[in-house]
Amino acid sequence: MAARILLVEDDPTIGEVLTASLRSHAHEVVCERTGTGGLARARSSAVDLVLLDLGLPDLDGVEVCRQLRRIQPGCVLVMLTARSTEMDVVVGLEAGADDYLVKPVRLAELHARIRAHLRRGGATPGEPGICAVGDLVVDGLRHKVTVAGRELHLRPKEFDLLARLAAQPEVAHSRDELMSDVWDANWFGSTKTLDVHVAALRRRIHEGAGTGALVPRIVTVRGHGYRLELPAAGEDLPTS
Ligand code: CA
């Protein structure tokens with residue numbers, strides 16, 4: 001599946017290697033060397049996926065990430081980071097990134113991730129047509145989520161994750177199963193991405209629910225994974 005990819009990378013060697021490799025997989029690639037250049041490019045042309053180096057010479061990578069997410073809400077945003085601290089990754093994911101790769105980037109992994117991100121709709125096992133859990137409705141065909149009739153605006157992977165959980169409410173899904181179904185069948189590396197997406201989903205569902213709506217919550221199943229369930233009668237609206 002070919003995509004329009006914006007690569008924002010200041011290191012010329014890495015930029016050239018990645019560009020050549022992406023083009024050899026039939027993607028359309030534009031490479032920008034600075035955060036300012038990347039943002040200008042994102043404003044002027046639609047892209048499917050952005051590969052964003054967090055260590056840029058002119059702007060803070062996390063801030064670029066936040067702005068890119070605003071400019072192109074529907075694109076897939078993957079951070080490239082040389083920083084190994086988990087904090088940067090978490091901050092970046094919270095700023096709107098869908099995923100991250102740690103440098104040096106392994107090309108096989110890069111292409112596997114890109115494939116997984118571009119494969120949307122219909123490919124998720126058990127993805128429902130329409131699926132309702134209490135007042136939460138996940139409409140896989142229209143790619144739309146509502147709570148008591150109000151639409152929630154979710155990022156692509158948040159939607160996929162919620163659709164996966166809502167397809168089998170009350171069933172505990174393991175972390176591996178969720179990573180493999182929603183992200184990639186051959187996932188390697190940290191699964192922190194999963195936790196950050198769960199946290200974001202909890203927040204969005206809670207904010208979108210308003211008072212009186214019967215909304216399910218994402219429950220942490222310790223040592224295993226997550227499940228979606230409706231609160232018992234009389235229980236307060238949970239946030240976690
Ligand atoms: Ca850099």
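User: Why is R204 called partly exposed?
Analyst: R204 has a relative accessible area of 24%. Buried means under 20%, exposed means over 50%, and partly exposed is in between, with a 1.4 Å probe and protein chains only. The value of R204, 24%, falls in between, so R204 counts as partly exposed.

User: What kind of model is this, and how are residues numbered?
Analyst: This is a predicted model, in which local features need pLDDT of at least 70, side-chain atom pairs count only at pLDDT 80 or more, and totals for chains, interfaces and linings use all residues. Residues are numbered from 1 along each chain as its sequence is written, and side-chain values use heavy atoms, with hydrogens and water left out.

User: What makes E158 and R204 a salt bridge?
Analyst: The closest N and O atoms of E158 and R204 are 2.8 Å apart. A salt bridge needs a side-chain nitrogen of Lys or Arg within 4 Å of a carboxyl oxygen of Asp or Glu, so the pair E158 and R204 qualifies. E158 lies in helix 6 (residues 156-167) and R204 in helix 8 (residues 192-209), so the bridge ties together parts that are 46 residues apart in sequence. Helices (H or I, at least four residues) and strands (E, at least two) are DSSP runs, numbered from the N terminus.

User: Is E158 buried or exposed?
Analyst: E158 is at 0% relative accessibility, so E158 counts as buried.

User: How do you know that R175 and D195 form a salt bridge?
Analyst: Their closest N and O atoms are 2.9 Å apart, and the cut-off just given then makes R175 and D195 a salt bridge. R175 is in helix 7 (residues 175-183) and D195 is in helix 8, 20 residues apart. R175, at 24% relative accessibility, is partly exposed, and D195, at 26%, is partly exposed too.

User: Where in the chain do E63 and R66 lie?
Analyst: Both lie in helix 3, 3 residues apart, about one turn of the helix. Their side chains meet in a salt bridge at 2.9 Å, N to O. E63 has a relative accessible area of 29%, so E63 is partly exposed, and R66, at 33%, also counts as partly exposed.

User: How many salt bridges does a search of the whole structure find?
Analyst: The search finds 16 salt bridges. E9, D53 and K103 are linked in a network of salt bridges.

User: What makes D10, D53 and G55 donors of the calcium ion?
Analyst: D10 (OD), D53 (OD) and G55 (O) lie 2.2 to 2.4 Å from the calcium ion. Donors are N, O and S atoms within 2.8 Å of the metal (3.2 Å for Na, K and Ca), so these atoms count as donors; water is not among the atoms, so sites may look incomplete. In sequence the donor residues are spaced D-x42-D-x1-G. D10 is in the loop between strand 1 (4-8) and helix 1 (12-24), D53 is in strand 3 (residues 49-53), and the two are 43 residues apart.

User: Why is D53 called buried, and why is D10 called partly exposed?
Analyst: D53 has a relative accessible area of 4%, so D53 is buried. D10 has 28%, so D10 is partly exposed.

User: Why are helix 2 and helix 3 called roughly parallel?
Analyst: The axes of helix 2 (residues 35-44) and helix 3 (residues 61-71) come within 10 Å and cross at roughly 5°. Angles under 35 degrees count as roughly parallel, over 145 as roughly antiparallel, 65 to 115 as roughly perpendicular and the rest as oblique. An angle of roughly 5° therefore makes helix 2 roughly parallel to helix 3. Here axes are lines fitted to C-alpha atoms, for helices over the stretch in contact, and angles run from 0 to 180 degrees between N-to-C directions.

User: Which residues make the contact of helix 2 with helix 3?
Analyst: G35, G38, L39, A42 and R43 of helix 2 meet V64, Q67, L68 and I71 of helix 3, where contact means heavy atoms within 4.5 Å.

User: Why is P57 called exposed?
Analyst: P57 is at 56% relative accessibility, so P57 counts as exposed. P57 is in the loop between strand 3 and helix 3. Leaving aside its neighbours within four places in sequence, P57 is in contact with D10, R33 and T34.
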